[in-house]
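These are my notebook entries on a structure that I went through feature by feature. I set down what I looked up and what I found.

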Amino acid sequence: MAMERTSSSAAAQDDDPLNGNTDMDSIERIFESKKVPPWQSQLTLRAFVVSFILGILFTFIVMKLNLTTGIIPSLNVSAGLLGFFFVKTWTKFLDKSGLLKQPFTRQENTVIQTCVVASSGIAFSGGFGSYLFGMSEIIAKQSNEANSAQNIKNPSLAWMIAFLFVVSFLGLFSVVPLRKIMIIDFKLIYPSGTATAHLINSFHTPQGAKLARKQVRTLGKFFSMSFLWGFFQWFFTGGDNCGFASFPTLGLKAFENRFYFDFSATYVGVGMICPYLINVSLLVGAILSWGVMWPLINEKKGEWYPAELKSSSLHGLQGYRVFIGIAMILGDGLYNFVKVLGYTLFGLYHQFSKDKTKGDPVSGNSSPDLPSLSYDDQTRTRMFLKDQIPNWIAIVGYLTIAIVSVVTLPHIFHPLKWYYIAAIYVFAPVLAFCNAYGCGLTDWSLASTYGKLAIFVIGAWAGGSNGGVLAGLAACGVMMNIVSTASDLTQDFKTGYLTMASPRSMFVSQVIGTAMGCIISPCVFWLFYNAFDNFGVPGSQYPAPYALIYRNMAILGVEGFSTLPDKCLMLCYIFFGFAIFVNGIRDLVGKNRARFIPIPMAMAIPFYIGGYFAIDMCVGSLILFIWSKVNKAKAAAFGPAVASGLICGDGIWTLPSSILALAGVNPPICMKFLSRSTNVKVDTFLGS
């Protein structure tokens, strides 16, 4: 989830009004004549109705991305823009009718954006494309290891909703007492939160509102085009490997090695949002794996692994694809974990040594020196400190949810004993703080890394004979939800600080958005699960690649390296070290040169999936690059709107397509591409 935020960070550094802010360019001077509504008035019914509608839209988008490649770009811009458009249209209509009682404010806009992102975020942290679906029999059959009944739990709407309600709120309460330390005392940047706040502030100025209307029109135009393109493609998908998504654009041999442009509007849009380096890294990883390594390892069939094995067996070529990819992901994760932890410890040491003479920030006795701050910071700090959330609410809330979790979760996952959960909850606040602090410094959330740590620790503790695989995957879910929601809430506190939204309204909005997500995400996943054939199977429309990866991590933690094919462990060590080495080089050469060195985490993603989506994303990058060369200002203003329209239109088409599939309505045509020799055989067969 963190890779896509690089673009937001850049925007925040260039445009943030806090950087060198003076009264001449003060944001709050612009809004000086507008009274900030009390926190209760920021939480309006219309805001939550709009949030619910947008939450469903973005959950479909995130779910589709989760179940195809696992790459999810930041949707903050889209959420803020669409929230502004819907409520502004509604209030304009009421104003003309003389029925408007409360104008639309930037604080209410922030509440909508927070609620939508919290709601759709559950589609990621809920593990529907990773640990949660990795528990299922569909994924267990692909690994052929540790697939006994005690290590399998098939999806069910009831237990998924119950699980998410039990684990998704704990992280919110864990960081509430630290909000002042993070935002006021430490003045952490939170680049994505800062960029989002800048965007929302700009919407509510006269010039910004005019631009926002144009951006919404652009988004709507490309939304319609993308939706209609998805509808048109559907007619030609009446069988396996049919339609434009199986078009061998680079030739049949390249298609066999998963190199082709699949005409996906979603991934063209994602490519326009993700930084160029991410997209190029994906392409480099696809070329290295599917273009070089897998063909070479395939030549060793019968020598390194039995020749008669199925292509999907993890004891054959598939094992190299999965485990070498896992090695790179773990190497990259370990490096960034140590790096961010180092930044965190150094930053804390520096902060506490600097603040010794000013008071103790942890006890809350420090007081910001308001006269030394800019006008904007003075105004925002007073507002932020005005509506405090009592610490006793956070403590009671955390303890209550922890007790409920310890009692409830062992009934959902029998191998996950109560003392495993209690141990996680003892360390969770510290890890949640580290993740939130590191995210404030680097914009890099390590939620999935902490989740993988829980897989290995709890899985090994439980043991293979006691359902360790299922216990590890469930523990991953508990840990990921805690640290992910903690960093999300602190990001929201930063956004609220910069838009003068109350911390109380931010907290309530996050809680309501999370509750929405706990219902919406399982329902959307259940629709996908029941609607599409071969769901979760490699090569299908929704292969859920990370589900198999997470399950195999759990197997690795429980059973060790005995499951790996020959020479696979040696290659895993090489690529684990390679990921650490490349990250080290990237940090040593500085930001300017690091722009030309691929990112190992991004390189690892195509190792298992293939290169088709990387080509789509590079096409998106190419479109944006050419557009920037022709008209840089217009590309910067409307590029995110075009990308969001492409993603949203194609994403929302999955709703009618899944309903058609459930109703038994199948596409009428199968458009398939064959080689000349195969076509002759088909013609001969049909002619006979």
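**Entry 1: helix α26 and its end**

I began at the end of helix α26, where G610 follows with a positive phi, near 120 degrees. The model is a predicted one, and I read every value below as computed from it. I then asked how many residues of helix α26 (residues 600-609) are buried. I found that 10 of its 10 residues are buried, and I noted the helix as mostly covered. I listed P600, M601, A602, M603 and A604 among them, and likewise I605, P606, F607, Y608 and I609.

**Entry 2: positive phi outside glycine**

I next looked up residues other than glycine with a positive phi. As background, I recalled that most residues other than glycine have a negative phi. R258 has a positive phi of about 65 degrees and is not a glycine. I placed R258 in the loop between α13 and α14 (265-273). Its relative accessible area is 24%, so I entered R258 as partly exposed.

F263 is also not a glycine, and its positive phi is about 60 degrees. I located F263 in the loop between α13 and α14. F263 counts as partly exposed because its relative accessibility is 23%.

**Entry 3: cysteines**

How many disulfides does a search of the whole structure find? I recorded one. It joins C242 and C670, whose sulfur atoms are 1.8 Å apart. The angle about the S-S bond is -55 degrees, and I noted the link of C242 and C670 as left-handed. The pair connects distant parts of the chain, 428 residues apart. C242 sits in the loop between α12 (206-234) and α13 (252-256), while C670 sits in the loop between α28 (632-662) and α29 (676-687). I also compared the cover of the two partners: C242 is buried at 6% relative accessibility, whereas C670 is partly exposed at 38%.

Why do C518 and C523 not form a bond? The sulfur of C518 has its closest cysteine sulfur in C523, 11 Å away, which is too far for a bond. For reasoning, I kept the cut-off in view: a disulfide requires cysteine sulfur atoms within 2.5 Å. C518 is buried, with a relative accessible area of 0%. C523 is partly exposed, at 35% relative accessibility.

**Entry 4: salt bridges**

I searched the whole structure for salt bridges and recorded 10. I looked at E28 and R380, whose side chains meet at 3.0 Å, N to O. E28 lies in helix α2 (residues 27-30) and R380 in helix α17 (residues 375-386), so this pair ties together parts that are 352 residues apart in sequence. Are E28 and R380 buried or exposed? I found both E28 and R380 buried. I also traced a network of salt bridges that links E28, R106, D376 and R380.

I turned next to E137 and K141, which form a salt bridge at 3.9 Å, N to O. Because they are four residues apart in helix α7 (residues 137-143), about one helical turn separates E137 and K141. As background, an α-helix has 3.6 residues a turn, so residues three or four places apart point the same way. I entered E137 as partly exposed at 35% relative accessibility and K141 as exposed at 55%.

I also noted the salt bridge between the side chains of D566 and K567, at 3.5 Å, N to O. D566 is partly exposed at 37% relative accessibility, and K567 is partly exposed at 35%.

**Entry 5: nonpolar core and surface patch**

I then examined the largest nonpolar core, which has 194 residues. The residues with the most contacts inside this core are F163, L409, L416 and Y425. Which helix gives the most to this core? I found helix α21 (residues 468-499), with 17 residues. I followed L416 further and, leaving out residues up to four places away in sequence, listed contacts with L409, P410, I421, I458, A471, A474 and A475.

On the surface, I recorded a nonpolar patch formed by Y276, L622, F625, I626 and V630. Together these residues have about 500 Å² of accessible area. Helix α27 (residues 612-630) supplies the largest share of the patch, four residues. I checked I626 and placed it in helix α27. I626 is partly exposed, with a relative accessible area of 46%.

Notes: Residues are numbered from 1 along each chain as its sequence is written. This is a predicted model: local features need pLDDT of at least 70, side-chain atom pairs count only at pLDDT 80 or more; totals for chains, interfaces and linings use all residues. Side-chain values use heavy atoms; hydrogens and water are left out. Helices (H or I, at least four residues) and strands (E, at least two) are DSSP runs, numbered from the N terminus. Buried means under 20% relative accessible area, exposed over 50%, partly exposed in between (1.4 Å probe, protein chains only). Patches are made of residues with over 30% relative accessible area and no salt bridge: like charges are joined within 9 Å, nonpolar side chains (Val, Leu, Ile, Met, Phe, Trp, Tyr) within 5 Å. Accessible areas come from the Shrake-Rupley method with a 1.4 Å probe; for residues, only the protein chains shown count as cover. A salt bridge is a side-chain nitrogen of Lys or Arg within 4 Å of a carboxyl oxygen of Asp or Glu. A nonpolar core is a set of buried Ala, Val, Leu, Ile, Met, Phe, Trp, Tyr and Cys residues joined through side-chain atoms within 4.5 Å. Contact means heavy atoms within 4.5 Å.
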